[in-house]
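Here are some short exercises to try with the model open in your viewer. Work through each task before you read its solution.

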Amino acid sequence: MKHAPEETQSARIARVLADRIISGEIPPGARLRQDHVAAEFGASHVPVREAFRELQTQGLAESEPRRGFRVTEFDVAELREVAEMRSSLESLALRHAAPNMTRAILQDAEEVTRDGDSASTVRDWEAANRHFHRLILSPCRMPRLLRTIDDLQAASARFLFAAWRRDWEVRTDHDHRAILDALRKGQTDLACATLARHVGWIGKRKSAVKNADMRETYEVPG
């Protein structure tokens with residue numbers, strides 16, 4: 001993924017730490033040590049604190065009085081909340097994006113879907129999956145909504161990595177193709193309904209799932 005050349009030091013630190021948290025490299029509950037992070041990035045404590053606050057905004061870290069920041073825990077209730085929010089907000093974004101959808105965007109989304117189908121690791125699949133959603137939602141031209149969706153997708157990715165860290169296998173995403181087919185045919189209602197189901201079905205599951213092994217329930221995240 002390309003990053004804007006004007007990316008600030010705090011934004012870079014936040015981006016790198018967010019990637020580590022999402023992938024599970026920094027586990028839930030781990031403390032984020034300001035001095036260690038500052039030394040790694042050759043930064044003063046000011047941009048590091050700004051980066052930690054950005055992680056807090058994204059829901060990836062939390063501040064503890066007199067103890068600094070630590071990575072947030074997550075549980076199945078949070079997974080369901082995130083899924084239901086994504087279901088509503090992404091379908092809203094797609095409804096506004098559909099009138100601005102171009103043939104080039106749809107073609108790019110088709111190619112990204114193929115990349116995901118051939119991904120050899122969960123990290124590559126997640127990158128392709130997130131790219132697909134950004135491509136079809138960005139034409140909504142609602143930056144605040146898109147930022148909120150980005151944060152929710154990051155939360156979803158944490159569950160994905162936790163569930164599939166041990167045994168990833170290649171999978172085909174039929175929902176992505178169904179969404180693209182509906183958009184090409186001008187069937188906006190069908191595209192939005194398919195997307196809502198695609199990202200939100202986990203929120204409707206009633207069975208309890210242990211945090212240590214969510215793979216059985218969270219098989220096909222959006």
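**Exercise 1: the sheet**

In this predicted model, three strands make up an open sheet with antiparallel pairing, ordered β1-β3-β2.

Task: Find which strands are the edge strands of this sheet.

Solution: Look for strands that pair on one side only; these are β1 (31-32) and β2 (61-64). Next, follow β2 to its partner: β2 pairs with β3 (residues 68-71) in the antiparallel sense, over four bridges. To place one position in this pairing, go to Glu64, which stands opposite Gly68 in β3.

**Exercise 2: a helix on the sheet**

Task: Work out which strands helix α3 lies across, and at what angle it runs to β2.

Solution: Start by selecting α3, residues 45-57. The helix lies across β1, β2 and β3. Then compare directions: α3 runs at about 115° to β2.

**Exercise 3: a helix pair**

Task: Decide whether α8 is roughly parallel or antiparallel to α9, and describe their contact.

Solution: First, take the geometry: α8 (residues 174-184) and α9 (residues 188-200) pack at an angle of about 165°, and their axes are 8 Å apart. Angles over 145 degrees count as roughly antiparallel, so α8 is roughly antiparallel to α9. Their crossing is left-handed.

Now list the contact. From α8 come Asp175, His176, Ala178, Ile179, Ala182 and Leu183, and they meet Leu190, Ala191, Thr194, Leu195, Arg197 and His198 in α9. Sorted by type, the residues of this contact are seven nonpolar, three polar and two charged.

Conventions. Residues are numbered from 1 along each chain as its sequence is written. This is a predicted model: local features need pLDDT of at least 70, side-chain atom pairs count only at pLDDT 80 or more; totals for chains, interfaces and linings use all residues. Side-chain values use heavy atoms; hydrogens and water are left out. Axes are lines fitted to C-alpha atoms, for helices over the stretch in contact, and angles run from 0 to 180 degrees between N-to-C directions. Helices (H or I, at least four residues) and strands (E, at least two) are DSSP runs, numbered from the N terminus. Angles under 35 degrees count as roughly parallel, over 145 as roughly antiparallel, 65 to 115 as roughly perpendicular and the rest as oblique. A crossing is left-handed if the near helix is turned anticlockwise from the far one by less than a right angle, and right-handed if clockwise. Contact means heavy atoms within 4.5 Å. Ala, Val, Leu, Ile, Met, Phe, Trp, Tyr, Cys and Pro count as nonpolar, Asp, Glu, Lys and Arg as charged, and the others, Gly among them, as polar. Two strands pair if DSSP finds at least two bridges between them.
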